[in-house]
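Student: I've got a new structure to look at, and I'd like to talk it through. Can we go step by step?

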Amino acid sequence: MRGRVGLGQAGREAVLGPRELALYDSSRPFELRLAPGGESAALLRAHVPRALLALPAGRLDRLLGTALDGRSGVGGLLTQFLAGTAAGSAAYSTGDLARLGTVALDLLRAVLAHHLDAEDAVPEDSHRRTLLLRIEAFVQRNLHEPQLSPAAIAAAHHISLSHLHRLFAGRDTTVAAWVRSQRLQRARRDLADPALGAVPVHHIAARWGFRDHSTFTRAFRGAYGMAPREYRRSYTPR
């Protein structure tokens, strides 16, 4: 997370910088130390039984003591998730922790499979959940794009539109409705922000991907029971 850390195992040596990952087997000899230079370092470790990884144990040994990308792609999703989970751990219930553990395990499996070229060894449920996480992250990054449609989302992830709809089938909402709700939530947050009080409502609508003001007003009223300007006025100090 900060500084540089050296990890040695299986005859390999990895020097990790911020947001880099490495895999080691705690049942075998390993060495973990600060990298030369004397600076302080912060390290986040996740301990997972091998049996839960659902990947060939012999092939996993190829990754021991090597640096893995934790800044981009699915590795970036894993490091962001672990860092965020650790930072907010005091607020989680026992049930929350069980569900978050499942997500963390799915992401870790996906990272290892990516580096082993063994996607076919990852259980189908993990594939589905990991793909959904990637899709959700993609949507959040691109909410400002008016052309962010179900077809565009499917194309960006190299899946068919019908496959995308099947992924969302258990959510009691459609892909388009979920994207619209995410946009509306961002717009509502901006309308309640006093620092953005001088920004015209139609600019906020455009900022979150709504092509025209009337469509945004109807959608906002349908979701929150009042027009955007009314909502903003309810947060304006008198």
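**The sheet and its loops**

Tutor: Sure. An open sheet here has 3 strands in the order β2-β1-β4, and the pairing is antiparallel. Keep in mind that this is a predicted model.

Student: Which strands stand at the edges of the sheet?

Tutor: Look for strands with a single partner, because one side of such a strand is left without a neighbour in the sheet. In the order β2-β1-β4, the strands at the edges are β2 and β4.

Student: How many bridges join β1 to β2?

Tutor: These two strands run antiparallel. As one example of who faces whom, Val-5 stands opposite Leu-16 in β2. The number of bridges joining β1 to β2 is 5.

Student: Is Ala-10 buried, partly exposed or exposed?

Tutor: First find Ala-10: it sits in the loop between β1 (5-9) and β2 (12-16). Its phi is near 55 degrees, a positive value in a residue other than glycine. Buried would need under 20% relative accessible area and exposed over 50%. Ala-10 has 39% relative accessibility, so it counts as partly exposed.

Student: What is phi of Arg-19 near?

Tutor: Arg-19 is in the loop between β2 and β3, and at 33% relative accessibility it counts as partly exposed. Its phi is a positive value, in a residue other than glycine. That phi is near 65 degrees.

Student: Which residues form a nonpolar patch on the surface?

Tutor: One member is Phe-30, in the loop between β3 (20-22) and β4 (31-34). Phe-30 counts as partly exposed because its relative accessibility is 33%. Together the patch residues have about 230 Å² of accessible area, and they are Phe-30, Leu-32 and Leu-43.

Methods:
Residues are numbered from 1 along each chain as its sequence is written. This is a predicted model: local features need pLDDT of at least 70, side-chain atom pairs count only at pLDDT 80 or more; totals for chains, interfaces and linings use all residues. Side-chain values use heavy atoms; hydrogens and water are left out. Patches are made of residues with over 30% relative accessible area and no salt bridge: like charges are joined within 9 Å, nonpolar side chains (Val, Leu, Ile, Met, Phe, Trp, Tyr) within 5 Å. Accessible areas come from the Shrake-Rupley method with a 1.4 Å probe; for residues, only the protein chains shown count as cover. A salt bridge is a side-chain nitrogen of Lys or Arg within 4 Å of a carboxyl oxygen of Asp or Glu. Helices (H or I, at least four residues) and strands (E, at least two) are DSSP runs, numbered from the N terminus. Buried means under 20% relative accessible area, exposed over 50%, partly exposed in between (1.4 Å probe, protein chains only). Two strands pair if DSSP finds at least two bridges between them.
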